[in-house]
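Got your viewer open? Load the model, switch to cartoon, and keep the selection box handy for a short walk around.

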Amino acid sequence: MKSVLEVTLDEGALKDDPAGEPGRILRYWAGHVRHCPLRPGDRSDVYESGYRDVGERRVVDS
């Protein structure tokens, strides 16, 4: 199985800070992933620092 983190880089805070904002998102999910069930079908919305939905984290079969 795979864990996929997908974000749109051309909107909101990601557009304004294309290097820093993805790093913030990755740090958040690195700490939060232990609280998520890691099985196919699991998914969560991904938000940038302005609390806008910019993507998703999901677990899929390989």
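In which sense do E1 and E3 pair, and over how many bridges? The two strands run antiparallel, and six bridges join them. Before going further, keep in mind that this is a predicted model.

**Stop one: the strands.** Select residues 2–7 for E1 and 53–60 for E3. Now pick Leu5 and look across: Arg57 in E3 stands opposite. Next, add residues 43–47, which make up strand E2. E2 also pairs with E3 in the antiparallel sense, this time over five bridges. For a landmark here, click Tyr47, whose bridge partner in E3 is Asp53.

**Stop two: the turn.** Follow the chain out of E2 and into E3. The hairpin formed by these strands has five residues between them. One of its residues deserves a click: Tyr51 takes a positive phi near 65°.

**Stop three: the charged side chains.** Show sticks for Glu6, Arg43, Asp45, Glu56 and Arg58. What links these five residues? They belong to a network of salt bridges. The whole model has seven salt bridges by the rule used here.

Start with Arg58 and Glu6, whose side chains form a salt bridge at 3.1 Å, N to O. Arg58 sits in E3 and Glu6 in E1, so this contact ties together parts of the chain that are 52 residues apart in sequence. Buried or exposed, where do the two partners fall? Arg58 counts as partly exposed because its relative accessibility is 22%. Glu6 is partly exposed too, with a relative accessible area of 43%.

Now centre on Arg43. This residue forms a salt bridge with Asp45, with the closest N and O atoms 2.6 Å apart. Arg43 also forms one with Glu56, where the closest N and O atoms are 2.9 Å apart. That second pair has Arg43 in E2 and Glu56 in E3, so it ties together parts that are 13 residues apart in sequence. Turn on a surface and check the accessibility: Arg43 is partly exposed at 43% relative accessible area, and Asp45 is partly exposed at 30%.

**Stop four: the rings.** How many aromatic pairs does the structure hold? There is one. Select Tyr28 and Trp29 to see it: the pair is edge-to-face, with 5.3 Å centre to centre and 90° between the planes. While you're there, colour by accessibility. Trp29 counts as buried, at 10% relative accessibility, whereas Tyr28 counts as partly exposed, at 44%. For your bearings, helix H2 covers 20–32.

**Last stop: a glycine in a loop.** From H2, trace the chain towards E2 and stop at Gly41, which lies in the loop between them. Is this residue buried or exposed? Gly41 is exposed, because its relative accessible area comes to 63%. To finish, draw a distance from there to Gly55: the two are 14 residues apart in sequence and 16 Å apart in space, C-alpha to C-alpha.

Definitions and conventions. Residues are numbered from 1 along each chain as its sequence is written. This is a predicted model: local features need pLDDT of at least 70, side-chain atom pairs count only at pLDDT 80 or more; totals for chains, interfaces and linings use all residues. Side-chain values use heavy atoms; hydrogens and water are left out. Rings of Phe, Tyr and Trp (its six-membered ring) pair if their centres lie within 6.5 Å; planes under 30 degrees apart count as stacked, over 60 as edge-to-face and the rest as tilted. Buried means under 20% relative accessible area, exposed over 50%, partly exposed in between (1.4 Å probe, protein chains only). A salt bridge is a side-chain nitrogen of Lys or Arg within 4 Å of a carboxyl oxygen of Asp or Glu. Helices (H or I, at least four residues) and strands (E, at least two) are DSSP runs, numbered from the N terminus. Two strands pair if DSSP finds at least two bridges between them.
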